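Trainee: Please take me through this structure step by step. I would like to ask the questions and have you reason out each answer.

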Amino acid sequence: MEDRRARWKRNGAFIGRMAVFAAVFALLSQGVLNVLTPQYDYGPGSMLNLYDQPKETIDVLALGTSMTYAGVNTNVLWADWGIAAYDLACAEQQYWHTYYYLLEALKTQSPRLILLDAKAATYPDDVTRRGRVILNTSGIRDLRLRYQAIAASGQEEPWSFLLGFPQVHENWKKVTLASLAPRAWAGGRDSSWKGFVERDEREQHTRPNLVWTNICKKLNPKEAEYFGKICDLAEERSIDILLVAYPNPDYANDHMYYNALWALAEERGIPYINFNDPEGHYRFRYSSDFADWQHLNVQGSLKLSRLLGAYLAEHYDLTDRRGDA
């Protein structure tokens, strides 16, 4: 009996040590993986930061590409209209990733309006580039949804993206002290950050030279499919959608794709606003309002967000939250 008790005691102690070792190893592995995974505010930052937002505090959710996070200045929407907006966006986000971002956001938020970036309609490929898969999926904490988002990307061996290390182990060469900083993925900002990424550069461009036409260029069928999924999900949750084409010096190359998207939107009764439309007289200065060939700088974001805020105030009954505690 004594020998049996002693064996149980030794086995129990061994199992306990193994459990502690496994827990420490898992924590260290996750920490290393977090450092090796690209920690950018234009990557997983806005999704990771979403988890720090109090529940049911976002009325307007801006989803989409880098044109969203560089253009929708949430500070302006709040300061001028009290609109509680959040930019849940990532570089070159295709509609399948937008769909899974929305699914994850709806676990904690019930937005009244989605600002949906039209840019994804111009992407011709139905396979997301490896680096963009990492940026667009690594911030999703729900492993089931993350895997589905990875699988939708069309890359081979989606499990390697879910595990992380097979895809990012080489990044140790790029690790700096900044990678170890608190909230590195949010650019060091605290949780009050709402996803807007400031671009201070100024690049001169000429106004797009194009023949304004209603001709449509066929969308990538996969983008069209997931656009439909986003619309269905929003309708199911009674959320309005406003499609937005952000001002873009490269618009001449996108114009006919956008026309095809407008046609899909009209079939569903979804409104859209095109800030490239010359009849809108939006008066963006291509010589000073852009950081590069596609993105607004801070000056441009102020102009866009004031126009956008005025449009939202006129067409949607959004609560002024400035008096909320």
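Mentor: Start with the words helix and strand. Helices are DSSP runs of H or I with at least four residues, strands are DSSP runs of E with at least two, and both are numbered from the N terminus. Keep in mind that this is a predicted model.

Trainee: Where is His-281 found?

Mentor: His-281 has a positive phi of about 50° although it is not a glycine. Most residues other than glycine have a negative phi. As for its place, His-281 is in the loop between strand 5 and helix 12.

Trainee: Is His-281 buried or exposed?

Mentor: Exposed means over 50% relative accessible area. His-281 has 59% relative accessibility, so it counts as exposed.

Trainee: Which loop holds Ser-238, and what is its phi?

Mentor: Ser-238 lies in the loop between helix 10 and strand 4. With a relative accessible area of 64%, it is exposed. Ser-238 is not a glycine, yet its phi is positive, at about 60°.

Trainee: How many helices and strands does the protein chain have?

Mentor: The protein chain has 325 residues, and buried residues make up 50% of them. Its exposed area is about 16600 Å², with 53% of that from carbon and sulfur atoms. The count is 12 helices and 5 strands.

Trainee: In what order do the strands form the sheet?

Mentor: The sheet is open and the pairing is parallel. Strand 2 (85-89) and strand 5 (272-274) each have a single partner strand, so they stand at the edges and one side of each is left without a neighbour in the sheet. Neighbouring strands are turned by 20° against each other on average, direction ignored. Read across the sheet, the order is 2-1-3-4-5.

Trainee: Which strands does helix 11 touch?

Mentor: Helix 11 (residues 255-268) packs on the sheet. Its direction makes about 165° with that of strand 4. The strands that helix 11 touches are strand 4 and strand 5.

Trainee: How many bridges join strand 3 to strand 4?

Mentor: On one side, strand 1 (residues 60-64) runs parallel to strand 3 and is joined to it by 4 bridges, with Ala-62 opposite Leu-115. On the other side, strand 4 (residues 240-245) is also parallel to strand 3. There Leu-113 stands opposite Asp-240 and Asp-117 opposite Val-244. The number of bridges joining strand 3 to strand 4 is 5.

Trainee: Which residues of strand 3 point one way, and which the other?

Mentor: In a regular strand the side chains alternate between the two faces of the sheet. Strand 3 (residues 113-117) is mostly covered, with 5 of its 5 residues buried. One way point Leu-113, Leu-115 and Asp-117, and the other way Ile-114 and Leu-116.

Trainee: How many residues of helix 5 are buried?

Mentor: Buried means under 20% relative accessible area. The buried residues of helix 5 include Tyr-95, Trp-96, Tyr-99 and Glu-104. Helix 5 is mostly covered, and the count is 10 of its 11 residues.

Trainee: How does helix 5 run relative to helix 7, roughly parallel or roughly antiparallel?

Mentor: Helix 5 (residues 95-105) and helix 7 (residues 143-152) have their axes 9 Å apart and pack at an angle of about 170°. Angles over 145 degrees count as roughly antiparallel. Helix 5 is therefore, relative to helix 7, roughly antiparallel.

Trainee: Which residues of helix 7 meet helix 5?

Mentor: The residues of this contact divide into 6 nonpolar, 2 polar and 1 charged. Helix 5 brings Trp-96, His-97, Tyr-100, Leu-103 and Glu-104. From helix 7 come Leu-145, Gln-148, Ala-149 and Ala-152.

Trainee: How far apart in space are His-205 and Asn-248?

Mentor: His-205 is in the loop between helix 9 (165-168) and helix 10 (221-236). Leaving aside neighbours within four places in sequence, its contacts include Pro-249, Tyr-286 and Trp-293. His-205 and Asn-248 are 43 residues apart in sequence, and in space, C-alpha to C-alpha, the distance is 9.9 Å.

Trainee: What does Gln-294 touch, not counting residues up to four places away in sequence?

Mentor: Gln-294 sits in the loop between strand 5 and helix 12 (298-315). Its relative accessibility is 10%, so it counts as buried. The residues it touches are Met-67, Lys-119, Pro-247, Asn-248, Pro-249 and Asp-250.

How values were computed
Residues are numbered from 1 along each chain as its sequence is written. This is a predicted model: local features need pLDDT of at least 70, side-chain atom pairs count only at pLDDT 80 or more; totals for chains, interfaces and linings use all residues. Side-chain values use heavy atoms; hydrogens and water are left out. Axes are lines fitted to C-alpha atoms, for helices over the stretch in contact, and angles run from 0 to 180 degrees between N-to-C directions. Angles under 35 degrees count as roughly parallel, over 145 as roughly antiparallel, 65 to 115 as roughly perpendicular and the rest as oblique. Contact means heavy atoms within 4.5 Å. Ala, Val, Leu, Ile, Met, Phe, Trp, Tyr, Cys and Pro count as nonpolar, Asp, Glu, Lys and Arg as charged, and the others, Gly among them, as polar. Buried means under 20% relative accessible area, exposed over 50%, partly exposed in between (1.4 Å probe, protein chains only). Two strands pair if DSSP finds at least two bridges between them. Accessible areas come from the Shrake-Rupley method with a 1.4 Å probe; for residues, only the protein chains shown count as cover.
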